[in-house]
Amino acid sequence: SPQSNVLNKQTPFNSRRRLTSRSLHGVPVVDADVIARNVLKKGTRGWRKVVAAFGDDILLPSGERSVEGFKLGQILFNDTDKRKLLIRYN
């Protein structure tokens, strides 16, 4: 099987990824934040599962029913069982 190299670049919450993308010329960049936003779009299977598991408290109060990443992140970083539950959804 072909060998591949993986670069895991972690950046602070809400930071811009342009600098990272520019610094990796010619190397495909996978932005996990973009993937997570797509998985958690309102009405998707991922959104339904996460809201069912974590409740309406993780949704933005604006009425748009989008997942508030910061609230979900706080839960996941502070509760090992909830983090394991979300990992099983992958």
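Student: Is D56 buried, partly exposed or exposed, and what is its relative accessible area?
Tutor: Keep in mind that we're looking at a predicted model. Buried would need under 20% and exposed over 50%. D56 falls in between, so it's partly exposed, with a relative accessible area of 49%.

Student: Which residue does D56 form a salt bridge with?
Tutor: Side chains of opposite charge can pair when their charged atoms come close. For D56, the closest N and O atoms of the pair are 3.5 Å apart, and the cut-off is 4 Å. The partner is partly exposed too, at 33% relative accessibility. That partner is R65.

Student: How many salt bridges does the structure hold?
Tutor: One of them joins D56 and R65. The side chains of K71 and E68 also meet in a salt bridge, at 3.9 Å from N to O, and K71 counts as partly exposed at 33% relative accessibility. The count for the structure is two.

Student: Moving on to the fold, what order do the elements run in from the N terminus?
Tutor: There are zero strands here, and five helices. Reading from the N terminus on, you get α-α-α-α-α.

Student: Are helix 3 and helix 5 roughly parallel or roughly antiparallel?
Tutor: Two packed helices are described by the angle between their axes and the distance between the axes. Helix 3 covers residues 45-54 and helix 5 covers residues 80-89; their axes come within 11 Å and cross at roughly 160°. Angles over 145 degrees count as roughly antiparallel. So helix 3 and helix 5 are roughly antiparallel.

Student: What's the handedness of that crossing, left-handed or right-handed?
Tutor: Here we're asking how helix 3 passes helix 5. The crossing is right-handed.

Student: How do the residues of the contact between helix 3 and helix 5 divide into nonpolar, polar and charged?
Tutor: Helix 3 brings K49, V50, A53 and F54 to the contact, while helix 5 brings K82, L85, L86 and Y89. Sorted by type, they come out as six nonpolar, no polar and two charged.

Student: Which residues does R83 touch, leaving out those up to four places away in sequence?
Tutor: R83 sits in helix 5 and counts as partly exposed at 30% relative accessibility. Its C-alpha atom is 9.8 Å from that of L72, eleven residues apart along the chain. With those up to four places away not counted, R83 touches L76 and F77.

Student: What share of the 90 residues is buried?
Tutor: Buried takes a relative accessible area under 20%. In this protein, buried residues make up 14%.

How values were computed. Residues numbered from 1 in each chain as written. Predicted model: local features only at pLDDT ≥ 70, side-chain atom pairs only at ≥ 80, totals over all residues. Heavy atoms only, no water. Buried < 20%, exposed > 50% of the residue type's maximum accessible area, 1.4 Å probe, protein only. Axes fitted to C-alpha atoms, helices over the stretch in contact; angles between N-to-C directions. Helix = DSSP H or I, 4+ residues; strand = E, 2+ residues; numbered from the N terminus. Parallel < 35°, antiparallel > 145°, perpendicular 65-115°, else oblique. Left-handed = near helix turned anticlockwise from the far one by under 90°. Contact = heavy atoms within 4.5 Å. Nonpolar A, V, L, I, M, F, W, Y, C, P; charged D, E, K, R; others polar.
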